[in-house]
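Hi everyone, thanks for making time for this. I'd like to walk you through a structure that may be new to you, so please have the viewer open. Let's go.

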Amino acid sequence: MMALTSSPVNMLGCLIILLLLPYPSLSADPDPLQNFCVADLNATVSLNGFPCKPVSEVTADDFFFDGLSKEGNTDNPFGFGVTQGNVLSFPGLNTLGLSMNRVDLARGGINAPHSHPRASESVVVIKGEVLVGFVSTSNVYYYKVLTEGEMFIIPRGLVHFQYNVGHSKAILLTAFNSQLPGAVIVSQTLFASNPPVPVEILTKTFQVDDGVINSIKSKFA
Ligand code: GLV
Ligand code: MN
């Protein structure tokens with residue numbers, strides 16, 4: 001009997017698999033090539049990430065961020081506030097492939113459906129009771145009600161939300177495997193883009209008339 005790998009086709013198959021194995025990177029952002037690279041946000045060159053500030057000018061302050069200690073403003077129709085600890089607010093994260101947000105939800109507040117094109121997200125409830133859910137590309141809705149110290153994971157790119165179902169305000173910390181995960185907020189993407197997505201696209205997409213679309217648009221004006 002011929003061994004499986006001895007046929008040229010099988011050997012080629014094995015070779016292709018071996019060649020491809022290192023390529024699917026396990027982290028969302030590329031690996032760093034030095035200890036650190038504190039972002040020079042004012043640099044004029046444009047590249048994938050940010051250029052490094054000279055090491056001689058780096059201090060401990062570059063690795064420190066106190067933004068997440070402050071309560072976000074939830075005084076809006078969504079009862080939602082987010083404080084972003086990404087490379088733009090915390091340049092020390094540059095090249096390190098991670099970032100973290102603080103989400104504040106008033107009672108009944110919602111972090112509306114959105115997705116992150118460049119990162120998976122882990123959600124930890126610090127205070128309160130929060131319904132966290134996402135929908136897969138097969139339209140399966142996965143969800144849990146989380147209380148303090150509990151964690152839920154949102155796979156990269158999938159639409160998700162958080163909704164405060166408790167009796168007081170809620171606080172969450174969200175961590176990402178990207179220094180700048182990006183956020184596509186479904187409602188704003190469709191109803192508040194600039195220039196606007198044509199009303200006809202939205203009426204056909206949602207199978208409703210102009211009045212419904214214009215009413216939704218007016219909420220995001
Ligand atoms: C929560 O979903 C966040 O993106 O911070
Ligand atoms: Mn998110």
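Let me start with Gln207, because at 68% relative accessibility this residue counts as exposed. You'll find Gln207 in the loop between helix 3 and helix 4, the latter being residues 210-219. What's the phi of Gln207? About 55°, so a positive value, although Gln207 is not a glycine. For background, most residues other than glycine have a negative phi.

Before I go on, one caution: what you're looking at is a predicted model. Please keep that in mind for every number I quote.

There's another residue to put beside Gln207, and that's Asn139. Phi of Asn139 is near 65°, again positive in a residue other than glycine. Go to the loop between strand 5, residues 130-135, and strand 6, residues 141-146, and Asn139 is there. Is Asn139 buried or exposed? Exposed, with a relative accessible area of 67%.

While we're on backbone geometry, have a look at Pro195. The peptide bond leading into Pro195 from Asn194 is cis, and omega is near -5°. As a general point, most peptide bonds are trans. Pro195 is in the loop that links helix 2, residues 186-191, to helix 3, residues 199-206.

Okay, let's zoom out. How many helices and strands does the chain have? Four helices and ten strands. Reading from the N terminus, the order is α-β-β-β-β-β-β-β-β-β-β-α-α-α. So picture one helix, then the run of strands, then three helices at the end. The chain has 221 residues, and 32% of them count as buried.

Now for the ligand. Which residues surround ligand 1? They are Asn101, Val103, Asn111, His114, His116, Glu121, His160, Gln162, Thr174 and Phe176. Sorted by class, that shell has two nonpolar residues, seven polar ones and one charged one. Several strands feed into the shell: strand 2 (99-105), strand 3 (110-115), strand 8 (159-164) and strand 9 (170-176) each give at least two residues to it.

If you want to see polar atoms facing the ligand, pick out three side chains. Gln162 has a polar side-chain atom 2.8 Å from an oxygen atom of ligand 1. For His114, the distance from a polar side-chain atom to a ligand 1 oxygen is 3.0 Å. For His160, the corresponding distance to an oxygen atom of ligand 1 is 3.3 Å. And how much of ligand 1 does the protein cover? On its own, ligand 1 has 190 Å² of accessible area, and the protein covers 96% of that. The space ligand 1 takes up is the second largest pocket.

Stay with the shell for a second and click on Asn101. This residue belongs to strand 2, and Asn101 is buried, with a relative accessible area of 9%, which is under the 20% cut-off. Besides being one of the residues around ligand 1, Asn101 has a polar side-chain atom that lies 3.4 Å from the backbone nitrogen of Gly85.

Another buried residue is Phe152, at 15% relative accessible area. Phe152 is in strand 7, residues 151-154. Along the sequence, Phe152 and Val123 are 29 residues apart, yet their C-alpha atoms are separated by 5.2 Å.

Last stop: the loop between helix 1 (8-20) and strand 1 (80-85), where you'll find Asp61. Ser69 is in that loop between helix 1 and strand 1 as well, and so is Asn73. Are these residues buried or exposed? Asp61 is exposed at 61% relative accessible area, Ser69 is exposed at 57%, and Asn73 is exposed at 58%.

Each of them also gives us a C-alpha distance to look at. Asp61 and Gly92 are 31 residues apart in sequence and 8.8 Å apart in space. Ser69 and Arg102 are 33 residues apart along the chain, with 8.4 Å between their C-alpha atoms. Asn73 and Thr83 are ten residues apart along the chain, and there the C-alpha separation is 9.1 Å.

That's my tour. If you take one picture away, make it ligand 1 with 96% of its accessible area covered by the protein. Thanks, and I'm happy to take questions.

Note on methods. Residues numbered from 1 in each chain as written. Chains lettered and ligands numbered in written order. Predicted model: local features only at pLDDT ≥ 70, side-chain atom pairs only at ≥ 80, totals over all residues. Heavy atoms only, no water. Near = heavy atom within 4 Å. Polar contact = N/O pair within 3.5 Å; in protein donor to acceptor, adjacent residues only side chain to side chain. Areas by Shrake-Rupley, 256 points an atom, 1.4 Å probe, with all protein chains shown as cover. 1 Å grid on protein atoms, 1.4 Å probe; cavity = no way out; pocket = protein on both sides within 12 Å on 5 of 7 lines; lining within 4 Å. Sits in = over half its atoms within 2 Å of the grid points. Nonpolar A, V, L, I, M, F, W, Y, C, P; charged D, E, K, R; others polar. Buried < 20%, exposed > 50% of the residue type's maximum accessible area, 1.4 Å probe, protein only.
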